[in-house]
Amino acid sequence: MTATLDAVTFGEPMAMFYANEAGSLDEVRSFTKALAGAETNVSAGLSRLGLRAGLVTKLGEDTFGKFIADALRQEKIDTQNVMFTKDHSTGMLIKSKVTSGDPEVEYFRRHSAASTLSIADFNEAYFAGARHLHFTGISVALSPECRDFARHAKQFMKKAGKTVSFDPNLRPKLWPDTQTMVEAINEASEGCDWLLPGIHEGKILTGYTSPEDIASFYLDRGTSLVIIKLGTEGAYYKSADAEGYVKRFRVDHVVDTVGAGDGFAAGVISALLEGLPLAEAVKRGNALGALAVMSAGDMDGYPTRAELESFLLSASTN
């Protein structure tokens, strides 16, 4: 089958309301509505760079569901496998505005429509028509049904000879305890081609503290490539035959850190699908991460191809 999509992902897109003024969420009165969700962010990042990205999910037949479906289409994300249900609501979140550090985020997603995604919803033809699968630990955490869907999707794509990437994207509040989270996330990482943890996630998941040891832990478990986000230190990558560090891009003012990791993933995935060398792929990931933290919305800073090229020409690393 000829691929109709460069990448497909699945998960929970949400309606987000982010504060227009700094302060505690219970005191803020003005918010801006936007699209959010880790997999949604990655899909949007890929689409803006000119790749064909599809998102598989379930939405409620409600106002937020309609908003999200329209927002996905505006981002030119393929929505052929966006399903609707009357039985569950669409998830949403609110996010504070901060002058430094991470914003406060409050989710309203329990028993959401997306959490009911199950193997019965898996469309083989749709996934077979994609070159690559990306998924995150958030989808794995939503429900046992979603975990089964993730396991099935990964196995199907690997059997079909496709590449698979996984971002642990740890959300402890979605899990009953840390041990359950670690076991489920490490199971999901097995057999993936490209693994994209943050350094703090890697420490929790492996017990190791250095990026070299964290990467080796996953390479020994069958992962082909591990790329570790190091925050202000840039990123580290390791495969069976290559490893190295890639410097971050200078950011003079951080507006909002949410969405940086998803932007990083979109940068890396797009570059690897285009056949760029590993170091260049990680550099692109760092670029999208830097652009993301300079904007308020999760994906507001994600660039078009022309914007990315302009940034790479003018930005400095340190």
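## Asp121 and its surroundings

In this predicted model, the side chains of Asp121 and Lys58 form a polar contact at 3.2 Å. Asp121 belongs to the loop that runs between β7 (105-108) and α3 (124-128). Its relative accessibility is 17%, and because the limit for a buried residue is under 20%, Asp121 counts as buried.

When neighbours within four places in sequence are set aside, the residues in contact with Asp121 are Lys58, Met83, Thr116 and Phe149. Lys58 therefore appears both in this contact list and as the side-chain polar partner of Asp121, where the polar contact rests on a pair of N or O atoms within 3.5 Å.

## The four-stranded sheet

Four strands make up an open sheet of mixed pairing, in the order β3-β2-β6-β7. The edge positions are held by β3 (31-36) and β7, each of which has a single partner strand, so that one side of each is left without a neighbour in the sheet. Direction ignored, neighbouring strands of the sheet are turned against each other by 20° on average.

The pairing can be followed strand by strand. β2 and β3 are antiparallel and share 6 bridges. Strand β2 (residues 14-22) and β6 run parallel and are joined by 5 bridges. β6 and β7 are antiparallel, with 4 bridges between them. Within this arrangement, Tyr18 stands opposite Thr32 in β3 and also opposite Lys95 in β6. Leu93 has Tyr107 in β7 as its bridge partner.

## Cover over the sheet

Strand β6 (residues 92-97) is mostly covered, with 5 of its 6 residues buried. Helix α2 lies across β2, β3 and β6 and runs at about 65° to β3.

## Two loop residues with positive phi

Most residues other than glycine have a negative phi. Lys76 departs from this pattern, with a phi near 65°. Lys76 is placed in the loop between α2 (63-74) and β5 (82-85). Its relative accessibility of 69% is over the 50% limit, and Lys76 therefore counts as exposed.

His111 likewise is not a glycine and has a positive phi, of about 60°. His111 is found in the loop between β7 and α3, the loop that also holds Asp121. With a relative accessible area of 60%, His111 is exposed, whereas Asp121 is buried.

## Nonpolar cores and Val268

The largest nonpolar core has 51 residues, of which Leu46, Leu72, Ile227, Phe264, Ile269 and Val282 touch the most other members. Helix α9 (residues 260-273) supplies the largest share of this core, 9 residues. Apart from it lies another core, of 42 residues, including Phe10, Phe127, Ala153 and Met157.

Beyond residues up to four places away in sequence, Ile227 touches Leu195, Leu196, Pro197, Tyr236, Tyr237, Phe264, Val268 and Val282. Val268 lies in helix α9 and is counted as buried because its relative accessibility is 1%. Outside its neighbours within four places in sequence, Val268 is in contact with Leu196, Ile227, Ala281, Val282 and Gly285. Val268 and Ala287 are separated by 19 residues in sequence, and their C-alpha atoms are 9.8 Å apart in space.

## Helix α8 and its cover

The buried residues in helix α8 (residues 211-219) are Pro211, Ile214, Ala215, Ser216, Tyr218 and Leu219. The elements that cover these buried residues include the helices α6 (178-189) and α7 (199-206), together with the strands β10 (194-195), β11 (225-229), β12 (235-239) and β13 (243-246).

## Packing of α10 against α11

Two packed helices are described by the angle between their axes and the distance between the axes. For helix α10 (residues 278-293) and helix α11 (residues 305-314), the angle is about 100° and the axes are 11 Å apart. Because angles of 65 to 115 degrees count as roughly perpendicular, α10 is roughly perpendicular to α11.

On the α10 side, the residues that meet α11 are Lys283, Arg284, Ala287, Leu288, Ala290 and Leu291. Their counterparts in α11 are Arg305, Leu308, Phe311 and Leu312. Ala287 thus takes part in the meeting with α11, and its C-alpha is also the one placed 9.8 Å from that of Val268.

Definitions and conventions
Residues numbered from 1 in each chain as written. Predicted model: local features only at pLDDT ≥ 70, side-chain atom pairs only at ≥ 80, totals over all residues. Heavy atoms only, no water. Buried < 20%, exposed > 50% of the residue type's maximum accessible area, 1.4 Å probe, protein only. Polar contact = N/O pair within 3.5 Å; in protein donor to acceptor, adjacent residues only side chain to side chain. Contact = heavy atoms within 4.5 Å. Pairing = 2+ DSSP bridges. Core = buried A, V, L, I, M, F, W, Y, C linked by side-chain atoms within 4.5 Å. Axes fitted to C-alpha atoms, helices over the stretch in contact; angles between N-to-C directions. Parallel < 35°, antiparallel > 145°, perpendicular 65-115°, else oblique.
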